[in-house]
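User: Got a minute to go through a structure with me? I'd like to start with the contact between the chains and then poke at a few residues.

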Amino acid sequence: MASEKAEIDALKKECDGLRTQIEAARKAVNDGSMTGASGGVASVGRVQLKLRKTLKGHLAKIYAMHWATDSKQMVSASQDGKLLVWDTHTGNKLVAVPLKSAWVMSVAFAPSGNLVASGGLDNICTVYNIKAASPKTLRELDAHTGYLSCCRFLSDSEILTASGDTTCCLWDLETGKQKVVFTNHIGDCMSLALSPDMNTFISGACDSLAKLWDVRDGTCKQTFSGHTSDINAIAFFHSGNAIITGSDDCACKMYDLRSDQEVINYQDTSLNAGVTSLALSSSGRLIFAGYDDFNCHIWDSLKGEKVGVLSGHDNRVSCTGVPEDGLGVCTGSWDSFLKLWN
Amino acid sequence: MSSKPHGSNNIAHARRMVQQLRIEASIERTKVSKASADLMNYCSEHARNDPLLMGIPASDNPFKDKKPCTIL
């Protein structure tokens with residue numbers, strides 16, 4: 001037993017040493033701030049977007065939404081037990097998918113537009129074929145031991161999930177089996193985002209950490225700290241070199257992957273509400289962040305300043321998304337409505 | 001925080017932590033000044049194609065409700 005204790009003590013000492021080494025390496029490259037560097041960049045001025053459409057149809061809180069890659073269709077999920085696929089140009093509902101479990105927390109559109117997936121407190125990620133005459137359940141991915149908080153398709157044959165059981169998982173949709181399990185978080189995983197090149201993904205969790213993972217080999221490559229509460233939302237900057245996180249600590253942060261550290265903090269003393277969701281405009285210059293204060297606030301990603309607000313919901317903004325063509329922003333809320341702005 | 005497992009699980013857990021930290025410690029890091037410059041360049045290169053920055057003419061706006069037409 002003594003030799004065991006000695007080994008554990010040695011390992012702990014090595015951990016402490018490695019942590020100190022990582023902090024020192026980060027400090028060594030910290031030769032200037034992003035806000036300092038962006039001082040010379042022209043201001044975007046006040047960003048005033050107009051409400052163009054309110055999509056009515058759900059009968060309860062909306063928890064999630066996801067744009068199709070055609071930038072026209074969009075899927076939303078509500079705890080009324082339905083997924084709705086919308087044509088956002090006309091405002092028409094195209095497909096309604098009744099859910100086995102109404103406690104949905106996440107929804108995703110496959111890049112092909114053929115499939116949608118959803119899941120929540122049932123711990124299951126269910127994949128539906130929406131091109132069939134009526135929506136058909138293709139797969140029930142059932143292995144997580146906690147709620148499904150987020151899901152994203154890589155293709156019609158692979159999907160990534162994040163769970164309250166603290167793991168993320170890559171599934172093979174042909175077999176319905178887990179291909180890779182990503183373990184390292186020590187709190188519920190709340191959100192995930194795939195890199196533009198699809199070789200890596202990022203996860204945010206209730207341990208207040210964001211982690212970068214290799215999709216194929218399951219390794220956690222980098223860990224980003226700084227938030228002081230649950231990270232609810234996470235997104236890649238379009239270049240693939242930075243990530244944005246949103247947290248219950250009322251702040252958003254940008255972390256640069258190559259510098260391995262936080263480079264900007266988006267926080268305002270007048271904003272005392274948790275961040276629920278976030279999305280970037282197509283150039284990455286604007287961050288649309290949904291908050292518990294019923295608003296979606298707009299941040300200048302380079303200067304760290306608040307530049308606008310989308311007001312109109314009567315309850316928490318739970319989800320936000322910008323389509324691939326960048327032509328607008330969609331916000332979804334606990335007030336049961338989705339709103340389109342540009 | 002999860003409760004610490006007993007016995008040899010403790011060692012396995014500590015070994016995994018060391019291995020993970022070794023991976024994270026070994027990466028090359030770029031200077032923040034270079035990283036910031038690259039992010040700023042990306043934004044400026046793509047700004048003119050960002051409809052939410054540039055504005056969208058009414059005729060090209062897919063979300064704007066079109067007024068009904070009258071045939072005269």
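Analyst: Sure, we can start with the interface and move on to single residues from there. Keep in mind that this is a predicted model.

User: OK, how much area do chain A and chain B bury between them?
Analyst: About 4600 Å², with 66% of it on carbon and sulfur atoms.

User: And how many residues does each chain put into the contact?
Analyst: Chain A gives 62 residues and chain B gives 43 residues.

User: What about polar stuff, how many residue pairs are in polar contact between chain A and chain B?
Analyst: There are 16 such pairs, taking those where both residues are at pLDDT 80 or more. Several elements of chain A give two or more residues to the side that touches chain B, including helix 1 (2-29), strand 1 (51-55) and strand 20 (252-256). Helix 1 of chain A makes the largest share of that side, with 14 residues. By type, the chain A side splits into 26 nonpolar, 21 polar and 15 charged residues.

User: How many salt bridges are there between chain A and chain B?
Analyst: Five. One salt bridge pairs A:R258 with B:D38, where the closest N and O atoms are 2.6 Å apart. B:D65 and A:K53 also form a salt bridge, at 3.2 Å from N to O. That pair crosses between chains, with B:D65 in the segment after helix 3 (51-54) of chain B and A:K53 in strand 1 of chain A.

User: Is A:K53 buried or exposed?
Analyst: Buried, because its relative accessibility is 9% and the cut-off for buried is under 20%.

User: What does chain B look like on its own, how many helices and strands?
Analyst: Three helices and zero strands, so to speak an α-α-α pattern when you read along the sequence. Of its 72 residues, 31% count as buried.

User: Back to chain A. Where does A:R26 sit, and what does it touch?
Analyst: A:R26 is in helix 1 of chain A. Leaving out residues up to four places away in sequence, A:R26 touches A:T223, A:S259, A:D260, A:Q261 and B:R29. A polar atom of the A:R26 side chain lies 2.6 Å from the backbone oxygen of A:D260.

User: Buried or exposed, that arginine?
Analyst: A:R26 counts as buried, at 12% relative accessibility.

User: Any other salt bridges in helix 1 of chain A? What about A:D9 and A:K5?
Analyst: The side chains of A:D9 and A:K5 meet in a salt bridge at 2.9 Å, N to O. Both residues lie in helix 1 of chain A, four residues apart, which is about one turn of the helix. A:D9 is partly exposed at 37% relative accessible area, and A:K5 is exposed at 52%.

User: And A:K72 with A:D87, where are those two?
Analyst: A:K72 is in the loop between strand 2 (62-67) and strand 3 (73-78) of chain A, and A:D87 is in strand 4 (residues 82-87), 15 residues apart. Their side chains form a salt bridge at 3.4 Å, N to O. A:K72 counts as partly exposed, at 32% relative accessibility, while A:D87 counts as buried, at 10%.

User: Switching to rings. How many aromatic pairs over all chains?
Analyst: Eight. A:F201 and A:W213 make a stacked pair, 6.1 Å centre to centre with 15° between the planes. A:F201 is in strand 15 (residues 200-205) and A:W213 in strand 16 (residues 210-214) of chain A, so the pair ties together parts that are 12 residues apart in sequence. Both A:F201 and A:W213 are buried. Ring pairs also link A:F182, A:F201 and A:W213 into a cluster.

User: One more residue: which element holds A:S318, and what does its side chain reach?
Analyst: A:S318 is in strand 26 (residues 317-321) of chain A. The A:S318 side chain reaches the backbone oxygen of A:I62 at 2.5 Å. A:S318 counts as buried, at 11% relative accessibility.

User: Last thing, what's the phi of A:N123 and A:M198?
Analyst: Phi is near 70° for A:N123 and near 60° for A:M198. Most residues other than glycine have a negative phi. A:N123 sits in the loop between strand 7 (115-120) and strand 8 (125-129) of chain A, and A:M198 in the loop between strand 14 (189-194) and strand 15.

Notes. Residues are numbered from 1 along each chain as its sequence is written. Chains are lettered from A and ligands numbered from 1 in the order in which they are written. Side-chain values use heavy atoms; hydrogens and water are left out. Buried means under 20% relative accessible area, exposed over 50%, partly exposed in between (1.4 Å probe, protein chains only). A polar contact is a pair of N or O atoms within 3.5 Å; within protein, one must be able to donate a hydrogen and the other to accept it, and residues adjacent in sequence count only if both atoms are side-chain atoms. Contact means heavy atoms within 4.5 Å. Buried area is the accessible area (1.4 Å probe) that two parts lose on being put together, summed over both. A salt bridge is a side-chain nitrogen of Lys or Arg within 4 Å of a carboxyl oxygen of Asp or Glu. Ala, Val, Leu, Ile, Met, Phe, Trp, Tyr, Cys and Pro count as nonpolar, Asp, Glu, Lys and Arg as charged, and the others, Gly among them, as polar. Rings of Phe, Tyr and Trp (its six-membered ring) pair if their centres lie within 6.5 Å; planes under 30 degrees apart count as stacked, over 60 as edge-to-face and the rest as tilted.
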